[in-house]
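The questions below deal with one protein model and are answered in turn. Please look at the structure first.

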Amino acid sequence: EDVQAVAQLADGSVGTLALNFLPEGESAPPRFYQFALSPEDEARQVAGRLIAEGKRVGVALVPSGEWGTRVLAAFQAAMEAGGGAVVARQSYGAQ
């Protein structure tokens with residue numbers, strides 16, 4: 001919502017960098033740049049960092065639901081691709 005609000009104000013006279021993305025299908029004004037890391041990308045980066053530091057096992061605590069499932073899958077795949085493993089996982093609810 002905040003990115004949409006900024007995009008509505010941007011007229012292209014000054015370059016604007018939004019640290020998130022407009023909703024899919026919504027076009028950006030001229031000189032409006034968007035950059036964000038998805039939660040899956042961040043999970044892959046964490047796994048990559050662990051592997052780079054020689055740590056081959058990881059644990060994951062993720063929120064319940066589809067978002068947490070996606071983040072866990074990305075983390076686990078990156079750990080396994082680097083020769084590591086996720087040895088424990090737990091999800092938590094809003095409460």
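Q: Which residues does Thr16 touch, not counting residues up to four places away in sequence?
A: The model is a predicted one. Thr16 is found in strand 1, residues 16-18. Not counting residues up to four places away in sequence, Thr16 touches Val6, Ala10, Arg31, Phe32 and Tyr33.

Q: Is Thr16 buried or exposed, and with what relative accessible area?
A: A residue counts as buried under 20% relative accessible area. Thr16 falls in the buried class, and its value is 19%.

Q: Which backbone oxygen does the side chain of Thr16 reach?
A: The distance for this pair is 3.4 Å. A polar contact requires N or O atoms within 3.5 Å. The backbone oxygen that the Thr16 side chain reaches is that of Val14.

Q: How far does helix 2 reach from its first C-alpha to its last?
A: Helix 2 spans residues 39-52 and has 14 residues. At 1.5 Å a residue, 20 Å is expected, and the model comes close to that. The reach from first to last C-alpha is 20 Å.

Q: Why are the buried residues of helix 2 on the same side, and what arc do they cover?
A: The buried residues of helix 2 are Glu40, Ala43, Ala47, Leu50 and Ile51. They lie on the same side of helix 2 because the arc they cover around the axis is only 100 degrees.

Q: Which element do the buried residues of helix 2 pack against?
A: On the other side of helix 2, Arg49 and Ala52 are exposed. Glu40, by contrast, is buried in helix 2, with a relative accessible area of 13%. Glu40 touches Arg70 and Ala74, not counting residues up to four places away in sequence. The buried residues of helix 2 pack against helix 3 (66-81).

Q: Which element gives the most to the largest nonpolar core?
A: This core has twelve residues in all, including Ala43, Leu50, Val62, Leu72 and Phe75. Two or more residues come from each of helix 2, strand 3 (57-63) and helix 3. With five residues, the element that gives the most is helix 3.

Q: Which residues does Val62 touch, not counting residues up to four places away in sequence?
A: Val62 is one of the residues of the largest nonpolar core. Leaving out residues up to four places away in sequence, Val62 touches Gly68, Val71, Leu72, Gln90, Ser91 and Tyr92.

Q: What phi does Gly54 take?
A: Gly54 comes just after helix 2. Its phi is positive, at about 80 degrees.

Key
Residues are numbered from 1 along each chain as its sequence is written. This is a predicted model: local features need pLDDT of at least 70, side-chain atom pairs count only at pLDDT 80 or more; totals for chains, interfaces and linings use all residues. Side-chain values use heavy atoms; hydrogens and water are left out. Helices (H or I, at least four residues) and strands (E, at least two) are DSSP runs, numbered from the N terminus. The expected span of a helix is 1.5 Å times one less than its number of residues. Buried means under 20% relative accessible area, exposed over 50%, partly exposed in between (1.4 Å probe, protein chains only). The arc is that of the directions from the helix axis to the C-beta atoms. Contact means heavy atoms within 4.5 Å. A nonpolar core is a set of buried Ala, Val, Leu, Ile, Met, Phe, Trp, Tyr and Cys residues joined through side-chain atoms within 4.5 Å. A polar contact is a pair of N or O atoms within 3.5 Å; within protein, one must be able to donate a hydrogen and the other to accept it, and residues adjacent in sequence count only if both atoms are side-chain atoms.
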